[in-house]
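This report describes the domain division, a sheet and several helix contacts of the structure shown below.

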Amino acid sequence: MLPADRAYNPPMSLNEDLSTLFNDLAALMELRGENVFKVIAFQKVSRIIRESNIDFKKCMEEGKLCDIEGIGKGSQQIIEEFIETGKSTVFDEIAAAVPKGLVPLMHIEGLGPKTINLLWKERNITSLEELEKAISSGALEGLKGVGPKKIETIRAGIEAYKAKAAAGPVARRTGILEALTAGEEMVERVRAIKGIVKAEIAGSLRRRRETIADIDIVGAVKDMDAAAKIMAEFVKLAGVVQVIVTGASKSSVKIANGMQLDLRLVPEENFGAALLYFTGSKEHNVKIRGLAQKKKMTLNEWGLYKLDEYEKAKKETAKPPELKPVACRSEEEIYKKLGLEFIAPEIREGRGEVDAAASGKLPVLIVRKDIRGDLHAHTNESDGTATIEEMAAAAKRLGYEYLAVTDHSKALAMTNGLSVERLLKHIENIHRISGKLKGITLLAGSEVDIMADGHLDYEDDVLKELDIVVASPHVSLKQDSQKATDRLLRAIDNKYVNIIGHPTGRLINRREGLPLEMDKVIDRAATSGTCLEINASYPRLDLDDINARHACEAGVMISIDTDAHSTGEFDLIPYGIDVARRAGLEAKSVLNAQPLATVRKFVKSKRDR
Ligand SMILES: [Zn+2]
Ligand SMILES: [Zn+2]
């Protein structure tokens with residue numbers, strides 16, 4: 001049931017450690033106010049490691065570290081030392097020059113390395129305590145760039161940080177990418193246990209919610225007498241770090257990423273009913289149980305039964321009732337007997353899908369093969385890691401007809417954003433390379449920054465040279481609702497802006513993003529012929545499912561883009577498609593599910609208005 005085309009490979013844990021090391025190095029250096037190019041270089045190395053499948057240990061042993069593109073001599077030495085000793089002298093040196101108490105401040109929302117540097121250098125603040133004291137005593141007044149609003153933001157950030165710390169890690173729901181990666185690994189291991197006929201992920205993970213509390217797996221067995229033995233194997237699986245509770249039909253364990261995983265075993269013939277029941281959502285189950293009742297039937301985790309027969313039947317806990325069900329083997333069968341079309345797990349949220357299924361009006365949800373191109377991607381001209389040619393080749397391998405190259409604009413200095421001169425040259429390059437390619441067309445685009453007041457980082461006479469324009473907010477994401485909304489409306493009003501990239505700027509579990517009046521933004525996008533993006537890159541997934549659904553209902557076109565900064569990141573597209581499916585989107589509402597001519601027409605018709 002899980003799409004087999006989800007190719008995003010999780011980093012091995014050494015890679016994760018290395019990537020974190022370089023990321024922390026970059027943050028510490030920025031905090032110290034060091035050369036911005038060094039910071040960018042370390043951020044880049046961190047990114048390269050994070051998204052690569054290279055076995056760095058093996059690579060080092062074979063003396064091939066120097067062959068990895070984008071990793072210079074200095075970084076190589078850091079990697080080698082870390083692999084050999086688990087330490088880094090470079091890191092220790094830099095960290096020694098920064099007060100220890102400053103490091104936690106980096107995790108407070110609203111406090112960037114630059115501000116922390118300022119607090120340290122100008123006000124001698126070296127810990128959270130000192131910062132709180134300085135705020136309440138008014139000692140921050142007069143600090144350049146730290147006005148009353150900023151102070152208020154920092155205060156709120158501290159509060160949120162402390163609340164999170166008090167709640168502990170258990171209160172946090174795990175992001176979909178991490179949860180799905182772990183869940184798929186574990187369900188494979190469950191399937192390999194002798195006696196398991198089949199097993200599937202259920203619960204909110206199967207519905208592809210953006211964050212997940214627990215992982216649920218339902219397994220089918222031929223003979224329930226063998227269940228205890230199977231469970232004994234299960235709790236010993238690789239990846240299980242703690243057994244919470246174990247029984248013959250249900251066991252709960254903690255797995256390596258800290259999540260709880262529940263395995264339920266059911267007889268093979270009841271598998272469909274159990275999968276349906278444990279996939280949920282609760283709201284969806286209430287709806288279909290109500291429907292069953294109307295039809296004089298009853299639906300539970302064992303199957304769909306005739307009500308009068310069920311009431312008379314013998315029932316024992318943890319066992320199917322002793323009577324012949326109307327349906328139980330597969331979800332398809334159960335939906336059918338309820339008079340419903342099959343409802344995809346992603347839309348089982350009790351948002352009208354049951355009524356739609358009853359009247360044959362379910363949307364034909366978009367699937368991966370509907371996607372014809374990516375309209376938001378970066379090259380090494382700004383902060384990507386691959387060349388135009390490499391990105392084009394990767395997109396072509398995925399069967400894409402077109403790819404928009406949309407590097408950052410000049411205001412985002414941290415990303416090596418393009419000056420006007422560089423952009424014009426880049427456009428020429430993209431067109432020249434596109435002319436030489438067969439089977440794929442490159443669009444010369446830009447991801448132009450939407451400045452705090454809504455004006456764009458390039459003038460119109462520059463924008464008009466582009467084939468397509470993505471406009472995105474990147475900084476000043478702490479605005480009040482009106483400012484934020486006006487900002488986006490102003491960008492949408494520009495006739496050269498075709499797509500609003502990651503419209504809110506939120507990051508799952510990390511950053512709230514702009515508090516937009518989404519109705520207004522959607523309305524203006526609809527009337528102006530502007531597309532809103534579902535950014536498939538985790539932890540963005542922005543727009544979310546709810547907003548994407550509202551946008552689509554208002555007639556707004558949606559683009560599902562990976563915002564790839566490397567060739568491997570094109571593989572994040574399934575996460576964007578999951579959001580789109582949860583939003584009930586069909587291919588016809590998705591701009592990059594249309595042929596290139598339609599995309600060009602979309603751009604032209606806004607310019608011609
Ligand atoms: Zn962006
Ligand atoms: Zn981008």
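## Domain division

In this predicted model, the protein chain is divided into domain 1 (13-169), domain 2 (174-272), domain 3 (292-358) and domain 4 (368-607). The C-alpha centres of domain 2 and domain 4 are 38 Å apart. To the contact between them, domain 2 contributes six residues and domain 4 contributes nine residues. On the domain 2 side, the residues that touch domain 4 comprise two nonpolar, two polar and two charged residues.

## The five-stranded sheet

Five strands form an open sheet with mixed pairing, in the order β2-β4-β7-β6-β5. The edge positions are held by β2 (196-202) and β5 (240-246); each has a single partner strand, so one side of each is left without a neighbour in the sheet. From one strand to the next, the twist averages 25 degrees.

At one edge, β2 and strand β4 (residues 214-221) run antiparallel and are joined by six bridges. Within this pair, Ile-196 is placed opposite Val-221 of β4. A helix also packs on this part of the sheet: α12 (residues 271-279) lies across β2, β4 and β7 (260-267), and runs at about 175 degrees to β4.

## Hairpins of the sheet

At the other end of the strand order, β5 pairs with strand β6 (residues 250-255) in the antiparallel sense, over five bridges. Val-245 has Ser-252 in β6 as its bridge partner. The hairpin that joins β5 to β6 passes through three residues.

Strand β6 also pairs with β7, in the antiparallel sense and over five bridges. Here Lys-250 is set opposite Arg-264 in β7. The two strands β6 and β7 form a hairpin with four residues between them, and Gly-258 in the turn has a positive phi of about 90 degrees.

## Contacts of helix α1

Two packed helices are described by the angle between their axes and the distance between the axes. For helix α1 (residues 13-31) and helix α5 (residues 89-96), the axes come within 10 Å and cross at roughly 30 degrees. Angles under 35 degrees count as roughly parallel, and α1 and α5 are therefore roughly parallel to each other. The crossing in which α1 passes α5 is left-handed. In the contact, Leu-21, Leu-25, Leu-28 and Met-29 of α1 meet Phe-91, Ile-94 and Ala-95 of α5. By class, this contact of α1 with α5 has seven nonpolar residues, no polar and no charged ones.

Helix α1 also packs against helix α6 (residues 113-123), where the axes come within 8 Å and cross at roughly 45 degrees. This angle makes α1 oblique to α6. Ala-27, Glu-30 and Leu-31 in α1 face Pro-113, Ile-116 and Asn-117 in α6 across the contact. The residues of the contact of α1 with α6 divide into four nonpolar, one polar and one charged.

## Helices α20 and α21

The third helix pair described here is formed by helix α20 (residues 481-493) and helix α21 (residues 518-528), whose axes come within 10 Å and cross at roughly 5 degrees. With that angle, α20 is roughly parallel to α21. Which residues of α20 meet α21? Thr-485, Leu-488, Leu-489, Ile-492 and Asp-493 do so, and their counterparts in α21 are Lys-520, Val-521, Arg-524, Ala-525 and Ser-528. The contact of α20 with α21 comprises five nonpolar, two polar and three charged residues.

Conventions
Residues are numbered from 1 along each chain as its sequence is written. Chains are lettered from A and ligands numbered from 1 in the order in which they are written. This is a predicted model: local features need pLDDT of at least 70, side-chain atom pairs count only at pLDDT 80 or more; totals for chains, interfaces and linings use all residues. Two strands pair if DSSP finds at least two bridges between them. Axes are lines fitted to C-alpha atoms, for helices over the stretch in contact, and angles run from 0 to 180 degrees between N-to-C directions. Two residues are in contact if their C-beta atoms, placed from the backbone, lie within 7 Å. Angles under 35 degrees count as roughly parallel, over 145 as roughly antiparallel, 65 to 115 as roughly perpendicular and the rest as oblique. Ala, Val, Leu, Ile, Met, Phe, Trp, Tyr, Cys and Pro count as nonpolar, Asp, Glu, Lys and Arg as charged, and the others, Gly among them, as polar. A crossing is left-handed if the near helix is turned anticlockwise from the far one by less than a right angle, and right-handed if clockwise. Domain bounds come from an automatic or database domain assignment.
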